[in-house]
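Thank you all for making the time this morning. I would like to walk you through one chain, and I will try to keep to what can be read from its coordinates.

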Amino acid sequence: MRRVFWDDPYRFRLETTVAAVDGQAVELEETIFYAFAGGQESDYGDIAGRPVLEAVNYGDRIEYILADGHGLRAGDAVVVRVDPDRRLKLMRLHSAAELVLQLMYSATGGARKTGAHISADKARLDFSFAVSVAPLLPAIAALVNEAVAADLSIECGYWGESSERRSWRVNGFEPVPCCGTHPLRTGEIGAVRLKRENPGKGVERVEIRLRP
Ligand SMILES: [Zn+2]
């Protein structure tokens, strides 16, 4: 199954073929429909007009769960559509979160990340860290917003030691292994706002939102 969302994350409509059907689960020959991975939530959309209820990532393949009685069969030609607004927000927030992550690592001297989640309205990063990260956030937000203002190019591909794994990098920075979708330039991310939360003892959370 070809992941067209990697080659072209701006493609929101695709004509393809059903590869396999198992009850409610449908697999496609090619797909533009991202399935939850690396903390990035799934796209919303439909296959041949049938809403996708859930997209499940098995690593080497993705299953799309449709309503009972969807009527699709292997070999059927279908049109896949994804919600462009949601995808664009997810990829902007994904890139913002990873920039914040790199800056948090250097600002804290290597705080341990314990979780990450990217939805369409906000992203969050959790760290195991004993003191409040609040004092670090203004400088980190300023650096992210500087990179946004510089409108640096973003590349995705396979480099160096991690050449087995897909990575992304901002021009001039180290590649970061990532299976998500990213815009082509940092300018598309837009300015971000950071907020510190403290969801539990010893857990520091950084919440990232896009400025409207
Ligand atoms: Zn990522």
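I will go from the domains to the cores, then to a small sheet, and finish with a single residue.

Please keep in mind throughout that this is a predicted model. The domain assignment divides the chain into domain 1, residues 2–82, and domain 2, residues 86–210, and the C-alpha centres of the two domains lie 27 Å apart. Where they meet, 13 residues of domain 1 are in contact with 16 residues of domain 2, and if we sort the domain 1 side of that contact by class, we find 8 nonpolar, 3 polar and 2 charged residues.

Let me turn to the interior. The largest nonpolar core has 28 residues, and those that touch the most other members are A96, V100, I140, V144 and I208. At least two residues of this core come from each of helix 2 (84–108), strand 11 (123–128), helix 3 (137–149), strand 15 (192–200) and strand 16 (203–210), with helix 2 giving the largest share, 9 residues. To see how one member is placed, take V100, which, once residues up to four places away in sequence are set aside, touches L125, I140, V144, L194, V206 and I208. Apart from this core there is another one, of 16 residues, which includes F33, Y34, V52 and V82.

Next, the sheet. Three strands form an open sheet in the order 12-13-14, and their pairing is antiparallel. Strand 12 (154–157) and strand 14 (176–177) each have a single partner strand and therefore stand at the edges, with one side of each left without a neighbour in the sheet. Between strand 12 and strand 13, which covers residues 167–170, there are 4 bridges, and within this antiparallel pair G157 stands opposite S167 of strand 13.

Finally, a word on E63, which sits in strand 8, residues 62–65. Is this residue buried, exposed or partly exposed? E63 has 17 C-beta neighbours inside 10 Å, and because a buried residue would need 20 or more while an exposed one would have 12 or fewer, E63 counts as partly exposed. Leaving out residues up to four places away in sequence, E63 touches A25, E27, V56 and Y58. By contrast with those contacts, E204 lies 34 Å from E63, C-alpha to C-alpha, with their positions 141 residues apart in sequence.

Note on methods: Residues are numbered from 1 along each chain as its sequence is written. This is a predicted model: local features need pLDDT of at least 70, side-chain atom pairs count only at pLDDT 80 or more; totals for chains, interfaces and linings use all residues. Two strands pair if DSSP finds at least two bridges between them. Two residues are in contact if their C-beta atoms, placed from the backbone, lie within 7 Å. Domain bounds come from an automatic or database domain assignment. Ala, Val, Leu, Ile, Met, Phe, Trp, Tyr, Cys and Pro count as nonpolar, Asp, Glu, Lys and Arg as charged, and the others, Gly among them, as polar. A nonpolar core is a set of buried Ala, Val, Leu, Ile, Met, Phe, Trp, Tyr and Cys residues joined through C-beta atoms within 7 Å.
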